[in-house]
Amino acid sequence: MAMKPFRIALTADFLGPDGEPCYRDLGLGAFAEHPAIESFAFPQHLPEIDPAQLEGVQGVIVLTPRVTARSVSRPRDLLAIARFGVGYDSVDVPACTAADVVVLIAAGAVDRSVAEATVTWMLVLTHHVLAKDRLLREGRWNERSRFMGCELRDRRLGVIGLGGIGRALVQLLGGFGMEPPMAYDPFVSPEAASALGVRSVGLDELLRTADFVSIHCPLRDETRNLIGARELALMKPDAYLINTARGGIVDEDALYEALRQRRIAGAAIDCFLQEPITWRHRFGELDNVVLAPHSIAWTDELFRDIGRTVSRGLIALSQGRRPPGVVNPEVFDHPGFQQKWTRLTGVSP
C-alpha cells in the first residue's frame with residue numbers, strides 16, 4: 001500500500017495579503033524533487049500556532065508564530081517543528097519533546113549574513129552615517145565638523161557568544177587592522193578560541209576593554225538580562241554595543257539610560273523584548289542609536305540558505321534519517337516518536 005504524502009506546512013506569514021510569497025526565494029525548491037512531499041501554507045496567520053492547524057501535518061516551517069504546549073497538544077501525526085532561523089526561544093522545546101516532536105533549526109545558515117550586518121552597523125556607528133545623511137537633507141553642510149568619525153583600525157572587538165556567527169564576524173573583520181578580538185563564551189575553551197585568533201576572557205574584562213561589544217548568544221535563562229546597568233557601567237564611554245541576537249539579553253531600561261546620558265558612545269539594536277513594535281519606540285528619540293525591526297540581516301541569500309537547510313532536514317526526516325540542527329535529540333530515543341516516525345515514513349529508524 002502506498003504511503004500517504006509527507007505533508008509540510010509553512011506558517012502564513014511567509015505570504016502577503018494577496019497570497020503570494022513575501023520573499024523572493026525561500027530555498028524550498030528541493031521539495032519539488034521529492035514527490036512524496038506535499039508542501040503548502042497555512043491559510044491563516046495566528047500569533048500562536050493552533051493545534052487544529054497541525055492536523056494531518058508531519059512538519060511545519062515556522063517564521064514568527066509561537067509554538068506552545070497547547071500548539072502540540074494533539075500531535076498524532078506531527079514529527080517536526082522547523083524554525084526558519086536559528087533562534088528557538090519562541091518554541092516550547094520541553095513541550096515538543098514531551099509530545100514526541102523534533103525541533104529543528106537552520107544551524108549555520110545565518111552566520112555570514114548576521115556577521116556582515118554586524119560589520120555594517122559597526123561602520124554606520126563609527127562614521128556617523130545617519131547624522132551626516134540628516135545634515136545634507138536639512139541643509140546643514142557647515143556642521144559636518146561636529147561629526148568626526150573613527151576607523152575600525154586599532155580598535156578591539158568583544159564578542160559575547162563565539163558560535164558560528166561570532167566566528168564568522170571575527171573572520172570578516174580580519175582585514176580591517178583591528179586589535180586581536182576577545183570573546184566571552186563559557187562553552188568554548190580558551191584553546192579553541194585561541195585557535196581562531198581570539199582571546200577568551202571573562203565578561204567583565206570584555207566589557208571594560210572592548211571598543212565594540214557584539215552579542216551573538218542565544219536567549220536562555222542564564223543570558224536573560226546578561227547586560228544590565230552594572231555591565232553597561234563597565235563599558236568605555238567611547239564604546240558601542242551591538243545586539244543582533246535576541247531581545248531580553250540586554251536590559252532595555254538600563255540601555256536606554258546609558259544612551260540617554262551618553263555613558264557609552266552608541267548602540268545598534270535589531271531585537272527587542274517585545275516584538276513586533278508597532279508604535280514609536282523610545283529608542284527612536286535618541287540620536288546615538290541605530291535600529292532595525294529584527295531584520296538587519298535579512299537578505300535574499302539568507303532566506304534562501306535558511307530554507308535550503310530546513311528543507312534538507314525535513315527531507316531527511318521523511319526518509320527515516322536523522323537530520324542536522326536538532327535542538328532536542330533525546331526525542332529520537334522515545335518509543336512513541338520511533339513508532340510515529342515508522343508509521344508515517346514506512347522506514348524503521
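The following dialogue examines the nonpolar cores, a helix pair and several individual residues of a predicted model.

Student: On what basis are residues numbered and values computed here?
Tutor: Residues are numbered from 1 along each chain as its sequence is written, and side-chain values use heavy atoms, with hydrogens and water left out. As the model is predicted, local features need pLDDT of at least 70 and side-chain atom pairs count only at pLDDT 80 or more, whereas totals for chains, interfaces and linings use all residues.

Student: Which element gives the largest share of the largest nonpolar core?
Tutor: A nonpolar core is a set of buried Ala, Val, Leu, Ile, Met, Phe, Trp, Tyr and Cys residues joined through side-chain atoms within 4.5 Å; buried means under 20% relative accessible area, exposed over 50%, and partly exposed in between (1.4 Å probe, protein chains only). The largest such core has 36 residues, and Phe31, Ile61, Phe84, Val102, Leu314, Phe332 and Phe337 have the most contacts inside it. Two or more residues come from each of strands E1 (6–10), E4 (80–83) and E5 (102–104) and helices H2 (111–126), H9 (300–318) and H10 (335–345), where helices (H or I, at least four residues) and strands (E, at least two) are DSSP runs numbered from the N terminus. The largest share, seven residues, is that of H9.

Student: How many residues does the second, separate core have?
Tutor: This core includes Ile227, Leu234, Leu241 and Ile269. Its number of residues is 33.

Student: Why are H2 and H4 described as oblique to each other?
Tutor: The axes of H2 and H4 (residues 164–172) come within 8 Å; axes are lines fitted to C-alpha atoms, for helices over the stretch in contact, and angles run from 0 to 180 degrees between N-to-C directions. Angles under 35 degrees count as roughly parallel, over 145 as roughly antiparallel, 65 to 115 as roughly perpendicular and the rest as oblique. H2 and H4 are therefore oblique, crossing at roughly 55 degrees.

Student: How many nonpolar residues does the contact of H2 with H4 have?
Tutor: Contact means heavy atoms within 4.5 Å, and among the residues making it are Val114 and Val119 of H2 and Ile165 and Leu169 of H4. Ala, Val, Leu, Ile, Met, Phe, Trp, Tyr, Cys and Pro count as nonpolar, Asp, Glu, Lys and Arg as charged, and the others, Gly among them, as polar. By class, the contact has three charged residues, two polar and, as nonpolar, seven.

Student: What is the relative accessible area of Ser214?
Tutor: Ser214 lies in strand E9 (residues 212–215). Beyond its neighbours within four places in sequence, Ser214 is in contact with residues including Thr118, Leu157 and Leu169. Ser214 is buried, and its relative accessible area is 0%.

Student: What distance separates the C-alpha atoms of Arg246 and His294?
Tutor: Arg246 lies in the loop between E10 (240–243) and H8 (252–260), and His294 is in the loop between E12 and H9. Arg246 is buried at 15% relative accessible area, whereas His294 is partly exposed at 22%. Arg246 touches His294, and their C-alpha atoms, 48 residues apart along the chain, are separated by 8.7 Å.

Student: Which peptide bond is cis?
Tutor: Most residues other than glycine have a negative phi, and most peptide bonds are trans. Pro276 is placed in the loop between E11 and E12. With omega near 0 degrees, the cis bond runs from Glu275 to Pro276.
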